[in-house]
Amino acid sequence: MIVGKQKPFDEIWDMVKGFKKVLVYGCNTCVAICHAGGSKEAELLASMLRMRAKQEGLDLLIDSAGIERHCEPEFFEPLDEKVKTYDLILSTACGVGVNFLADRLAGAIPVYPGINTSFYGAVPEAGFFVELCGGCGNCILHLTGGICPIVRCSKSLMNGPCGGTDKGKCEVSSETDCAWFLIVERMKKLGTLEKLFEVQPPRDWSTATHGGPRRISLEHIRAYEAEEEKKATLTGEGK
Amino acid sequence: MADVAEAAEQILVSTVEAPHDTPADWTPNVLAFACHYCAFAAADLAGVMRLSYSPSVKIIRLPCTGKLDHIHILSAFEKGVDGVFAAG
């Protein structure tokens, strides 16, 4: 899931204090799991902002709302009209959600981020989140024992540990495991260590953000949806 | 550099507000969130025993203090309560 962390309160306050009517807009999927930007966090943030406005003697109307996802259009629809009545949307969704809503509102209302989107991560224990995938678009986990060297190695090394590996820990932080130590140990257990001796071609980073914004288009799904839309229009059931 | 640091420190110190004068007769408005099974029962017993407590304390009975959420506390402060007492 996408992991994020609420921005420092003063930074948020600086963003919103110049507006009159603000909606703190939460997303109840990934960022709700990491206690950063769900409906609950949006409600708390709105309450804190209202108190700050009162302390500063500013006349600010601050409401909160939440929807299940900020990354698919149909989830926005029930609140579309309400959203248009504000002069700032403070989104506590991830960066995807902020971009998507800003595109949807097309410059009519600004959409500001309430959280810092941090990484794709897992939740090994409640309240603890770790980065496990870099979303590079060219997965090699079958070659590295299921451990990603791109994000779990501090230097994203692709060809084994650096000289800074120290008894299984990373020289960047003693709290960080050396990803290549983990990879070798895992592959020993899997009995696939010899795979590491295979020479790999230079990595193609064009599938990562180095190749510009990425898109995936499932043509059969899009064609099916277009066909359904056409049928609905013909039978008068379209919107 | 030391002068700059000292000046910055003085600015910081000067922004610290003087404490507000508190009127002698002021009593804080306190909202108590009490668990039905213990603290609220205790408050009830206090009533039966004719014990009194400040009328500026208002009690909200909860089925359990586990029901208490951050937003309840923030809402109380937003509405002007001076202190929140969670008892359970």
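**Group meeting: two sheets and an interface**

Let's start with a turn: in the hairpin that β6(A) and β7(A) make, with two residues between the strands, G127(A) has a positive phi near 80°. Before I go on, a reminder that what we're looking at is a predicted model.

So, staying with that hairpin. Strand β6 of chain A covers residues 115–125, and four bridges tie it to β7(A), with the two strands running antiparallel. If you want a spot to click on, take E125(A): its bridge partner in β7(A) is F128(A).

Now, β6(A) has another neighbour. Five bridges link β1(A) to β6(A), and that pair is antiparallel too. Here the residue to find is Q6(A), which sits opposite I115(A) of β6(A).

Put those pieces together and you get an open sheet of three strands in chain A, in the order β1-β6-β7, paired antiparallel. Which strands are at the edges? They're β1, residues 2–6, and β7, residues 128–133, both in chain A, and each of them pairs on one side only. From one strand to the next, the twist averages 70°.

Okay, on to the other sheet. This one is open as well, with four strands of chain A in the order β3-β2-β4-β5, and the pairing is parallel. At its edges we have β3 (61–67) and β5 (111–113) of chain A, each pairing on one side only. Ignoring direction, neighbouring strands here are turned by 25° against each other on average.

Let's look inside that sheet for a second. β2 of chain A, residues 21–27, and β4 of chain A, residues 88–91, pair in the parallel sense over four bridges. One pairing to look at is V24(A), whose bridge partner in β4(A) is L90(A).

And what packs on this sheet? Helix α3 of chain A, residues 39–55, does, touching β2, β3 and β4 of chain A, and its direction makes about 175° with that of β3(A). Then there's helix α6 of chain A, residues 95–105, which lies across β2, β4 and β5 of chain A and runs at about 170° to β5(A).

Last topic: the interface with chain B. How many residues are in contact? On the chain A side it's eight, and they meet seven residues of chain B. Together the two chains bury an area of about 680 Å², with carbon and sulfur atoms giving 63% of it. On the chain A side, the residues that lose the most area to chain B are K40(A), L44(A) and M51(A), and together they make up 57% of what that side buries.

What about charges? There are two salt bridges across the interface of chain A and chain B. One to pull up on the screen is R50(A) with E78(B), where the closest N and O atoms are 2.5 Å apart. As for residue pairs in polar contact between the two chains, the count is three, with both residues at pLDDT 80 or more. And if you sort the chain A side of the contact by class, you get three nonpolar residues, one polar and four charged.

That's my tour. Happy to go back to any of the views.

Terms used:
Residues numbered from 1 in each chain as written. Chains lettered and ligands numbered in written order. Predicted model: local features only at pLDDT ≥ 70, side-chain atom pairs only at ≥ 80, totals over all residues. Heavy atoms only, no water. Contact = heavy atoms within 4.5 Å. Buried area = accessible area lost by both parts, 1.4 Å probe. Salt bridge = Lys/Arg side-chain N within 4 Å of Asp/Glu carboxyl O. Polar contact = N/O pair within 3.5 Å; in protein donor to acceptor, adjacent residues only side chain to side chain. Nonpolar A, V, L, I, M, F, W, Y, C, P; charged D, E, K, R; others polar. Pairing = 2+ DSSP bridges. Axes fitted to C-alpha atoms, helices over the stretch in contact; angles between N-to-C directions.
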